[in-house]
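The following questions and answers concern pockets, buried residues and cysteines in a single protein model. Each answer is to be read alongside the sequence and coordinates.

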Amino acid sequence: MPPPAPHSAPDAPATGAKEPPFTGKRIVLAFNPASGSFRPELLRQLQQALIDQGHGVRAENSRVFRFSPDDPVDLICAYGGDGTARTVVQMNGEAADGAAYCTYPSGTINLLAREAGYPANPKQFARLISARQSRPTHFGQIDGQAFLCCASVGPDAEVVARVSPKWKRRVGRLAYGLAALGMLWRWPRRKFRFTVDGAELEGEALFVCKGRYYAGPWMIDRQASLHKDSFQVLILPRAGRRDLIRLGLATMIHPALGSRQWHRQSARSIDIDGPEGIAVQADGDIIAATPSRIRLAPFFLNFL
């Protein structure tokens, strides 16, 4: 069955949905039909769950949806992973100043949903966002492209660049592990120059954390927060195999397993220089290449 019509009226339910009186928010469910994790039936279940809470709901293609002041919306809900949420923010951003945002976790990693504690059960999700108040949330931009949770350059980004979209659709997050295995024999080592809030540093890997979580339930820096107007930055002077294994242990087990030679700080701006054309990843996707500039967005969003 096809997903709900992308341009239905704000209070129109999915086919066969029972519509109670509209008493709540005007909600747009922004979905990506090309995503490997897209499930039309789950989208219908979520839409019905929101309607049952008294909201007016319609579904829109996230790749073309744009907020319009002539079509008031109270909440834009990204149905998908972090990439779908990033697309929605990039295409609407400050224009949707009167609307709040949230994301339903139906993607590969779902860092943003993990940060916010959004459940995957449609009915539980609908009840949560019906009761929750929005909070100002700051996000980042890489060369003008939005990112919400994390970014990196170095071996970590090289792994993301090697992920096959075909295998990502088939096996989900395991595709990142397969890409890492394929890189073990020819491990990339490159020197970069980083300018962090005006201070110049060198290293082979950079990690920029806007939120607490990175690549799943792990934390590179526990001080990172979506609600702070700053990033948490980690620079590795060396990023060989052993260094990345050590970072993995420090991230998954305890920060004390890290190295004192690693540079950590809070920052609002980062410039990346060095070899040209090296992939820069954000939220699990490649969105830029070196040289590049990372900045806080000049405005904040209201997230539930």
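Q: Which residues of helix 5 are buried?
A: The model is a predicted one. A residue counts as buried when its relative accessible area is under 20%. In helix 5, the residues that are buried are Pro155, Ala157, Glu158, Val159 and Val160.

Q: Against which elements do the buried residues of helix 5 pack?
A: Contact here requires heavy atoms within 4.5 Å. The partners of the buried residues of helix 5 include two helices and four strands by name. These elements are helix 7, helix 8, strand 8 (150–153), strand 11 (205–209), strand 17 (279–282) and strand 18.

Q: What volume does the largest pocket have, and which residues are the closest to its centre?
A: The volume of the largest pocket is about 890 Å³. Its lining comprises 31 residues. Closest to the centre are Asp156, Val159, Tyr214, Ala215 and Met252.

Q: Which elements give two or more residues to the lining of the largest pocket, and how many of its lining residues are nonpolar?
A: Helix 5 (155–162), helix 7 (174–183) and helix 8 (241–252) each give two or more residues to this lining. By class, the lining holds five polar and four charged residues, and the number of nonpolar residues is 22.

Q: What is the volume of the second largest pocket, and which residues are the closest to its centre?
A: For the second largest pocket, the volume is about 660 Å³. It is lined by 29 residues. Those closest to its centre are Ser35, Gly83, Thr108, Lys168 and Asp285.

Q: Which element gives the most residues to the lining of the second largest pocket?
A: At least two lining residues come from each of helix 2 (82–92), helix 5, helix 6 (165–171) and strand 18 (285–289). With five residues, the element that gives the most is helix 2.

Q: How many residues in the lining of the second largest pocket are polar?
A: The lining divides into three classes, of which eight residues are nonpolar and seven are charged. The number of polar residues is 14.

Q: How many disulfides does the whole structure contain, and why do Cys77 and Cys102 not form one?
A: A disulfide requires two cysteine sulfur atoms within 2.5 Å. The cysteine sulfur closest to that of Cys77 belongs to Cys102, and because the two are 3.4 Å apart, they are too far for a bond. Both residues count as buried, Cys77 at 0% relative accessibility and Cys102 at 2%. Across the whole structure, the number of disulfides found is zero.

Methods:
Residues are numbered from 1 along each chain as its sequence is written. This is a predicted model: local features need pLDDT of at least 70, side-chain atom pairs count only at pLDDT 80 or more; totals for chains, interfaces and linings use all residues. Side-chain values use heavy atoms; hydrogens and water are left out. On a 1 Å grid over the protein atoms alone, a cavity is a set of points where a 1.4 Å probe fits but cannot get out, and a pocket is an open set with protein on both sides within 12 Å along at least five of seven lines; lining residues have an atom within 4 Å of a point. Grid points are joined across faces, edges and corners, and a volume is the space filled by probe spheres set on the points. Ala, Val, Leu, Ile, Met, Phe, Trp, Tyr, Cys and Pro count as nonpolar, Asp, Glu, Lys and Arg as charged, and the others, Gly among them, as polar. Buried means under 20% relative accessible area, exposed over 50%, partly exposed in between (1.4 Å probe, protein chains only).
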